[in-house]
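Subject: The structure we talked about

Hi,

Here is the structure I promised to pass on. Have it open while you read, and my notes will be easier to follow.

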Amino acid sequence: MKRILALLLGLLTVLALSVPAMAVTEEEQEELLYEAGMAALASCIDEDMTDLEKLTALHDWMCLNVDYGATLRSQTAYGAIVEGSAVCTGYAAGFAYLAELAGLEGVATYSEDMDHAWILVTLDGTRYFSDCTWDDGKNAKMGLIRHLYFLFDEDNAGDTGHYGWDSGEAVPGGELEEAPWLAAMTRVIFYGDYCYYIDESFNLWRCDRATWETELLLTVDEGWPIWGVEGSHRSGLYSGLILLNDRLYFNTPYEICSVDLEGQDLTVELTPDTSEGVIYGLDVRDGDLTYSIATEPDAVLYQVVDSGISAAGAWGYAGGTDDAPEEPAEAASGETTAASVGSGEG
């Protein structure tokens with residue numbers, strides 16, 4: 001009986017996946033991809049940005065809006081940008097597509113030796129690699145991203161674990177001065193004359209976009225506990241960063257907080273129930289601030305909870321949800337759900 005039920009479940013899954021593939025024509029996919037791509041650009045970049053800033057914003061958009069997962073179209077830009085689910089080839093195709101829409105040079109590349117894909121991008125005539133798949137951290141849609149694999153070149157590709165790419169052209173080492181925000185462990189928010197980000201040590205920084213001079217706005221002296229081990233703490237940062245109504249929202253393990261753009265007026269916006277886990281990440285879903293509760297950052301099961309705080313108009317997010325791409329299947333707010341997480345592989 002169990003075997004019959006399993007076969008029936010498998011058949012229903014195949015049928016469910018096949019319906020949307022037949023319902024959406026290739027022409028309709030191209031139109032939907034273009035509309036979703038333009039909406040992504042409108043949410044996070046503007047004409048005043050430098051090419052480096054645009055690439056950073058698009059890299060962060062990919063990491064925050066795409067889950068690692070295998071679906072019918074997960075190897076395509078459509079799967080990544082419209083459906084929000086991709087494997088490495090989909091991440092690469094999606095990032096290259098957004099870069100092209102923004103007037104930048106980006107092309108996907110692939111390594112048979114690694115069975116992995118990433119992209120080549122061009123800045124000021126020099127080509128660099130960027131790998132959104134590996135920067136898309138665990139539970140990344142809750143705001144946890146990195147910039148460890150963003151803008152590296154042939155000279156240091158081995159240090160990042162990349163090799164065997166199929167580009168026939170060399171990728172010469174560049175003279176790119178490292179932008180301070182490349183140390184960010186959250187999304188980088190470009191707003192007015194400054195950009196804002198949080199580093200691995202839980203320091204909130206403001207960086208002058210013209211001079212790259214940095215100013216430390218806030219340091220949070222609190223780490224994430226190792227669940228069940230009293231007095232222990234993990235290394236690293238597990239907070240999101242959101243700009244809403246000229247305030248910067250972030251999370252500690254136990255609270256959702258905000259400060260103004262000067263790093264002042266620290267306010268505890270919400271103290272969730274952390275009896276069964278702590279807060280690992282903060283993001284915007286369906287127009288509201290949401291957060292995840294888990295016992296560890298790599299947990300297979302975690303809770304996605306609506307904070308009750310409206311985030312309509314938050315920087316970097318599309319205004320409404322009516323036109324937003326449908327999320328991959330997931331449990332309702334507050335219910336335990338299986339995480340769609342990047343594996344660090346193609």
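Before anything else, one bit of vocabulary: a residue is called buried when its relative accessible area is under 20%, exposed when that area is over 50%, and partly exposed in between. Take E262 as a try-out: its relative accessibility is 45%, so E262 counts as partly exposed. Please also keep in mind that this is a predicted model.

**The group around R206**

Let's stay with E262, as it has a partner. Its side chain meets that of R206 in a salt bridge, with 3.2 Å from N to O. The two residues come from distant parts of the chain: R206 belongs to strand β9, E262 to the loop between β13 (256-260) and β14 (267-270), and 56 residues separate them. If you want to find the strand, β9 covers residues 203-208.

Is R206 buried or exposed? Its relative accessible area is 7%, so R206 is buried. So this salt bridge has a buried partner, R206, and a partly exposed one, E262.

R206 has further contacts. Its side chain makes a polar contact of 2.7 Å with the side chain of E215. A polar atom of the R206 side chain also lies 3.1 Å from the backbone oxygen of L261. Put the charged residues together and you get a network of salt bridges that links R206, E215 and E262.

**Other salt bridges**

How many salt bridges are there by the rule used here? The count comes to 5. Here are two more to look up.

One of them joins E83 and R73, whose closest N and O atoms are 2.5 Å apart. E83 sits in the loop between α4 (77-81) and β2 (85-86), while R73 sits in the loop between β1 (67-68) and α4, so the pair ties together parts that are 10 residues apart in sequence. R73 is buried, at a relative accessible area of 10%.

Another is formed by the side chains of D265 and R247, at 3.0 Å from N to O. This pair also links distant parts of the chain: D265 is in the loop between β13 and β14, R247 is in strand β12 (residues 247-251), and they are 18 residues apart. D265 has a relative accessible area of 48%, so D265 is partly exposed. R247, at 16% relative accessibility, counts as buried.

**A buried charge without a salt bridge**

Now go to helix α6 (residues 132-135), where you will find D135. With 0% relative accessibility, D135 counts as buried. What does D135 lack, although it is buried? It has no salt bridge: the nearest side chain of opposite charge is that of R146, and it is 4.5 Å away. A salt bridge needs the nitrogen and the carboxyl oxygen to be within 4 Å, which is why the cut-off matters here.

D135 does have polar partners, though. A polar contact of 2.8 Å joins its side chain to that of H59. In addition, the backbone nitrogen of L148 lies 3.0 Å from a polar atom of the D135 side chain. And have a look at M62: in sequence M62 and D135 are 73 residues apart, yet in space their C-alpha atoms are 9.7 Å apart.

**Two backbone angles to check**

Most residues other than glycine have a negative phi. Which value does phi take in D115? It is near 50°, a positive value in a residue other than glycine. You can find D115 in the loop between β3 (105-111) and β4 (116-123).

F202 is another case, with a positive phi near 65°. F202 is in the loop between β8 (194-198) and β9. At 4% relative accessibility, F202 counts as buried.

**A negative patch on the surface**

Last stop: E26, E27, E28, E30, E31 and E35 form a negative surface patch. Pick E28 if you want one of them to start with, as its place is in helix α2 (residues 26-44). E28 has a relative accessible area of 37%, so E28 is partly exposed.

That's the tour. Write back if you get stuck anywhere.

Cheers

Conventions:
Residues are numbered from 1 along each chain as its sequence is written. This is a predicted model: local features need pLDDT of at least 70, side-chain atom pairs count only at pLDDT 80 or more; totals for chains, interfaces and linings use all residues. Side-chain values use heavy atoms; hydrogens and water are left out. Patches are made of residues with over 30% relative accessible area and no salt bridge: like charges are joined within 9 Å, nonpolar side chains (Val, Leu, Ile, Met, Phe, Trp, Tyr) within 5 Å. Accessible areas come from the Shrake-Rupley method with a 1.4 Å probe; for residues, only the protein chains shown count as cover. Lys and Arg count as positive and Asp and Glu as negative; His and the chain ends are not counted. The place of a charge is taken as NZ of Lys, CZ of Arg, CG of Asp or CD of Glu. Helices (H or I, at least four residues) and strands (E, at least two) are DSSP runs, numbered from the N terminus. Buried means under 20% relative accessible area, exposed over 50%, partly exposed in between (1.4 Å probe, protein chains only). A polar contact is a pair of N or O atoms within 3.5 Å; within protein, one must be able to donate a hydrogen and the other to accept it, and residues adjacent in sequence count only if both atoms are side-chain atoms.
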